[in-house]
Amino acid sequence: MALQFLNKEAKKTHKIIFEEPDTSLLPTGMNKHKGDNKILSIAIKYKKTKNIKESMNPIVLTSDNGFQLQCQRCNINTISLNDLLTNKY
């Protein structure tokens, strides 16, 4: 359901990018092999990218409360699937 929604939205104004993780950007002590942390490293990479033409403000889509806390720790915004589907963002 989420993938169908994202594919539909990607055809509109949203931009979906596939990227490789850079776990060297993670804060000290975070497990660099954990999947969530690899996703987080990509968001950190985009937040740190200074692109003159386009401001990068990555938002991580997750309903996992623990992952949301990890993202907050790194100043990355999150949104739950429910909030995305009901336009509460």
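Let's start with what α3 packs against: its buried residues sit against α2, β1 and β2, the last of these spanning 77-79. Please keep in mind that this is a predicted model.

Which residues of α3 are buried? They are Phe67, Gln68 and Cys71. If you look down the axis of α3, these buried residues fall within an arc of 105°, so they line one face of the helix. Now turn to the other side of α3, where Asn65, Leu69 and Gln72 are exposed.

Next, the two ends of this helix. At the N-terminal end, Asp64 acts as a cap, with a side-chain oxygen 2.8 Å from the backbone nitrogen of Gly66. After α3 comes Asn75, which has a positive phi, near 60°.

Just before the helix, there is a residue I'd like you to find: Thr62. Where is Thr62? Look in the loop between β1, which is 59-61, and α3, which is 65-73. Is Thr62 buried or exposed? Thr62 counts as buried, because its relative accessibility is 11% and the cut-off for buried is under 20%. The side chain of Thr62 reaches the backbone nitrogen of Asp64 at 3.0 Å, and Asp64 is the residue that caps α3. Setting aside residues up to four places away in sequence, Thr62 touches Phe67 and Gln68, and also Thr78, Ile79 and Ser80.

Now for the core. In soluble globular proteins, nonpolar side chains tend to be buried together. Here, the largest nonpolar core has 10 residues: Leu26, Met30, Leu40, Ala43, Ile44, Val60, Phe67, Cys71, Cys74 and Ile76. Two elements, α2 (35-48) and α3, each give two or more residues to this core. The most come from α2, with 3 residues.

You may have spotted two cysteines in that core, Cys71 and Cys74. Why is there no bond between the sulfurs of Cys71 and Cys74? The sulfur of Cys71 has its closest cysteine sulfur in Cys74, 7.3 Å away, and that is too far for a bond. A disulfide would need the two sulfurs within 2.5 Å, and the count comes to 0 disulfides.

Both cysteines are buried, though: Cys71 has 0% relative accessibility, and Cys74 has a relative accessible area of 14%. Leaving aside neighbours within four places in sequence, Cys74 is in contact with Pro27, Met30, Leu40 and Ile44.

To finish, go back to α3 and try finding its buried face, with Phe67, Gln68 and Cys71, and then the exposed Asn65, Leu69 and Gln72 on the other side. Thanks, everyone!

Key. Residues numbered from 1 in each chain as written. Predicted model: local features only at pLDDT ≥ 70, side-chain atom pairs only at ≥ 80, totals over all residues. Heavy atoms only, no water. Helix = DSSP H or I, 4+ residues; strand = E, 2+ residues; numbered from the N terminus. Buried < 20%, exposed > 50% of the residue type's maximum accessible area, 1.4 Å probe, protein only. Polar contact = N/O pair within 3.5 Å; in protein donor to acceptor, adjacent residues only side chain to side chain. Contact = heavy atoms within 4.5 Å. Core = buried A, V, L, I, M, F, W, Y, C linked by side-chain atoms within 4.5 Å. Arc of directions from axis to C-beta.
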